[in-house]
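Please read the following report alongside the model, which is predicted. It moves from loop residues to helices, and then to the nonpolar core and surface.

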Amino acid sequence: MEKKILFVCQYFYPETFRGNHVAFHWAEEGHKVHVVTGIPNYPAGKFFPGYGVFKKRHELVNGVKVTHLPIVPRGNNKIMLMLNYFSFLIVGCFYILWHAMFHKYDLVFCQQLSPVMMSTPAVLYKKLRKVPLYTWVLDIWPESLTAAGGINNKYILGFFNMFVKSEYKHSDKILMSSNSFRKSILTYGSYEDKLIYFPQWSDGKSVTLSDFSLPYIPDGFVVMFAGAVGESHGMECNMQAALLTKEHKDIHWVIVGDGRKLEWIQNFVKGNELEETVHTLGRFPSETMPWFFEKASVMLVSLTDSPLFNLYAPAKISSYMVSARPIIAALNGEGGDVVREAECGWNVKAGDAEGLAKLVIELSQTDEELLKEKGMNGKIFYEENFTMSGSLKKLDEIMGLK
């Protein structure tokens with residue numbers, strides 16, 4: 001039965017988040033999907049080519065109607081980031097107030113990343129039109145402000161706490177990307193009957209070689225980090241470990257991605273003369289990642305040590321698993337637990353550069369059959385737990401779309 005679905009998230013295609021798959025899937029299933037989002041500018045902090053306040057504000061993508069609201073781009077400092085956050089909140093609420101008068105949807109879905117305020121337009125529509133709201137929580141607030149932004153002011157945290165309370169209170173179902181979110185969410189109320197574990201996935205797609213030319217990746221033992229390169233991703237630890245393996249010229253640290261920490265990494269590499277062993281390749285489309293992963297000896301996932309980040313199992317773990325590559329998890333908490341449960345790699349504590357360097361050196365000298373075995377363990381675990389088709393089918397059942 002066809003449904004009209006309002007999808008609210010500050011980020012959407014051509015930005016790469018799992019919500020893209022959700023919206024496109026619903027359109028393929030015959031539902032009418034309208035995505036209300038911002039002008040794409042993540043992670044570089046500037047509008048994508050072809051988009052702007054007066055350009056490409058409305059488009060149809062894979063059968064999905066997309067409205068790009070005018071917002072302030074993220075830029076490269078905290079002031080611009082806050083302006084970015086609040087511009088979507090303000091413009092989004094005004095848009096919904098107007099839009100709700102003329103358009104009735106059967107349900108609202110919110111992919112809640114950072115900031116938590118992006119859920120407010122979805123809550124507003126739910127209150128105005130009295131329809132079910134399903135919220136997929138991928139970031140916990142206000143803890144994210146403390147962990148990533150170093151903000152501890154009780155008044156500031158209390159302000160953002162209002163948005164969190166509203167989100168949980170008005171959501172009919174709260175989908176958690178990590179089981180560890182449960183404790184935090186339940187501090188806001190007796191919401192156990194609302195909570196559903198719904199992790200992220202990897203789509204497992206690739207492109208043919210004729211569609212894509214892989215950049216140069218050196219031979220040797222390749223430790224590859226792929227994805228957003230941000231303040232929370234443990235890059236200080238990774239680069240200190242790379243410095244400790246500097247004399248091992250067969251070990252190469254390859255970073256595929258972009259973000260606010262990339263310039264710091266490049267300066268670190270230059271300042272410590274690591275050009276021979278550390279390689280920053282930049283950002284590439286997500287669908288090309290399997291080609292990069294094939295060149296890796298091990299995949300690296302890392303986070304800084306904080307109570308918040310210990311709650312996360314980064315989505316890239318499932319992407320690494322489907323590629324059948326062994327994983328080094330330089331983090332604490334749920335992410336490391338997943339790697340241990342799947343027996344698909346090795347763990348070191350977040351921030352332990354010496355331990356990471358020692359492990360990489362050992363693995364560079366180990367039997368390749370062990371690496372293959374660990375990689376296959378990950379692929380098997382992925383097929384049993386993290387396929388996109390299985391996850392989307394489960395989501396349809398949760399939301400009564402089947």
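Is K130 buried or exposed? K130 is exposed, because its relative accessible area is 70%, which lies above the 50% that an exposed residue has to exceed.

## Positive phi in two loops

K130 sits in the loop between α3 and β6, and its phi is positive, at about 55°, although K130 is not a glycine. In sequence, K130 follows helix α3, so that the backbone value belongs to the stretch that leaves this helix and leads on to strand β6.

N62 has a positive phi as well, near 50°, and is likewise a residue other than glycine. The place of N62 is the loop between β3 and β4 (64-69), and N62 counts as exposed because its relative accessibility is 54%, a value over the 50% cut-off.

## Two cis peptide bonds

A cis peptide bond, with omega of about 15°, joins Y13 and P14, and P14 belongs to the loop between β1 and α1. Another cis peptide bond joins Y42 and P43, where omega is about 5°; P43 lies in the loop between β2 (32-38) and β3 (58-61).

## Helix α1 and its buried residues

Helix α1, which spans residues 18-28, is mostly covered, with nine of its 11 residues buried. The buried residues of α1 are R18, G19, N20, V22, A23, F24, H25, W26 and A27, a list in which charged, polar and nonpolar residues can be found by reading the names. After α1 comes G30, with a positive phi near 95°.

What does N20, a residue of helix α1, contact outside its neighbours within four places in sequence? The contacts of N20, with those neighbours left aside, are F12, Y13 and E15. A polar atom of the N20 side chain lies 3.2 Å from the backbone nitrogen of Y13, and Y13 is also the residue joined to P14 by a cis peptide bond. N20 counts as buried because its relative accessibility is 6%, under the 20% cut-off for burial.

## W26 and the nonpolar cores

W26 is another residue of helix α1, and it counts as buried because its relative accessibility is 0%. With neighbours within four places in sequence left aside, W26 is in contact with I5, F7, H31, V33, F109, L395, D396, M399 and L401, a set that draws together residues from separate parts of the sequence numbering. W26 and K3 are 23 residues apart in sequence, while the distance between their C-alpha atoms is 9.1 Å.

The largest nonpolar core has 106 residues, and those with the most contacts inside it are F7, W26, M224 and M321. Helix α2 provides the largest share of this core, namely seven residues. A second, separate core has 31 residues, among them V269, V278, I328 and V348. In soluble globular proteins, nonpolar side chains tend to be buried together.

## Helix α2 and the nonpolar surface patch

Which residues make the nonpolar surface patch of about 400 Å²? The patch is made by I90, F94, L97 and L128, and helix α2 (residues 78-99) gives the most to it, with three residues. Helix α2 therefore has a part both in this patch and in the largest nonpolar core, to which it gives seven residues.

L97 is found in helix α2. L97 counts as partly exposed because its relative accessibility is 42%, between the 20% and 50% cut-offs.

## Helix α3 and what covers it

In helix α3 (residues 120-129), the buried residues are T120, P121, A122, V123, Y125 and K126. The elements covering these buried residues include β1 (4-8), α2, β5 (107-112), β6 (133-137) and α5 (154-170). Among these, α2 is also the helix that gives the most residues to the nonpolar patch, and β6 is the strand on the far side of the loop that holds K130.

How values were computed
Residues numbered from 1 in each chain as written. Predicted model: local features only at pLDDT ≥ 70, side-chain atom pairs only at ≥ 80, totals over all residues. Heavy atoms only, no water. Patch = residues over 30% accessible without salt bridge, like charges linked within 9 Å, V, L, I, M, F, W, Y side chains within 5 Å. Areas by Shrake-Rupley, 256 points an atom, 1.4 Å probe, with all protein chains shown as cover. Salt bridge = Lys/Arg side-chain N within 4 Å of Asp/Glu carboxyl O. Helix = DSSP H or I, 4+ residues; strand = E, 2+ residues; numbered from the N terminus. Buried < 20%, exposed > 50% of the residue type's maximum accessible area, 1.4 Å probe, protein only. Core = buried A, V, L, I, M, F, W, Y, C linked by side-chain atoms within 4.5 Å. Polar contact = N/O pair within 3.5 Å; in protein donor to acceptor, adjacent residues only side chain to side chain. Contact = heavy atoms within 4.5 Å.
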